[in-house]
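Dear colleague,

Please find below the structure that I promised to hand over to you. A short account of the findings on its strands follows.

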Amino acid sequence: MVRPGRLELPRLTSHAPQACASTSSATAASGRIPEALAEEGLANEETGEYQIVHLESSTQSRQDMTPTLEWRISDHAVDYPEAVAFMEDRVAAIRRGEASDCVWLLEHPALYTAGTSARPEDLLSPERFPVHPSGRGGQYTYHGPGQRVGYVMLDLKRRGADIRRFVHDLEEWLIRALAQFGVKALRRDGRVGLWVVTGRGEDKIAAIGVRVRQWVSFHGIAVNVDPDLSHFEGIVPCGIREHGVTSLWRLGLTPTMEEVDSALIAAWAEVFG
């Protein structure tokens, strides 16, 4: 069952005093394909297709109208191939002007995905869960019950055609959503995703891995709500060995998935309009 979501859902009551999320910014590049991606062979200037691995944070003033957005929220675990097929069809429809933008919130059964930069040595337990090649940027990641995945399918031409701003805004979206639970999520240069300070140092609480095809985005984000963190032991998450992973529940917070959804929807309105 897929239940529709609405931007007007009530704002979540925090489980802890709300943290103030600070962000750094710089002037954004124009809407062309970032040079760093072209230099790494990840961009195709003719088709406009490329994978985002990591971009420096940046912002840009907005003057474009906010497009129509559909929220989809699945109450059951969605198989990964099913989700990819939906995204492929939706991206094609958005490009043809036949469908609205869409954010799909869901959970997957336990599995690993391999991004375009995945290294074989980072798959430590290949027999533990199914492994799915993925067209998104990045390396290996885990998806499973207790993790909220958000697939973001947007026509970026209607949102300024600025990839740096898009990635920055995805980070800001998660920062603001997590702040509603009193969590201060941090950007870190050279480390994709969002991080929190713990007694062990800094652990990852949310991942970002997207792809853009002819200025339409897909794939997206994952927030660790209450997954089995031992499942991450079968991979080197995102190729980063020096840091661990955490979750809202590991931090002592106990929101339901519905409350996390409400926080994401409310924060989206703040960041993306």
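Before the findings, a definition is needed: two strands are said to pair if DSSP finds at least two bridges between them. Strands themselves are DSSP runs of at least two residues, numbered from the N terminus. Please also note that this is a predicted model.

The hairpin of S10 and S11 has 2 residues between the strands, and Gly190 takes a positive phi near 85 degrees there. Strand S10 covers residues 186-188 and is joined to S11 by 2 bridges, the two running antiparallel. Leu186 has Trp195 of S11 as its bridge partner.

On leaving S11, the chain enters another hairpin, where 2 residues lead to S12. Strand S12 (residues 201-213) runs antiparallel to S11, with 5 bridges between them. In this pairing, Thr198 stands opposite Gly201 in S12.

Is strand S11 enclosed or open to its surroundings? Of the 8 residues in S11 (residues 191-198), 6 are buried, so this strand is largely enclosed by the rest of the structure. Buried here means under 20% relative accessible area.

There is also an open sheet of 3 strands, in the order S7-S6-S8, with mixed pairing. Strand S7 (131-133) and strand S8 (140-143) are the edge strands, each pairing on one side only. From one strand to the next, the twist averages 30 degrees. Strand S6 (residues 111-114) runs parallel to S7, and 3 bridges join them. Ala114 stands opposite Pro133 in S7.

Yours sincerely

Definitions and conventions: Residues numbered from 1 in each chain as written. Predicted model: local features only at pLDDT ≥ 70, side-chain atom pairs only at ≥ 80, totals over all residues. Heavy atoms only, no water. Helix = DSSP H or I, 4+ residues; strand = E, 2+ residues; numbered from the N terminus. Axes fitted to C-alpha atoms, helices over the stretch in contact; angles between N-to-C directions. Buried < 20%, exposed > 50% of the residue type's maximum accessible area, 1.4 Å probe, protein only.
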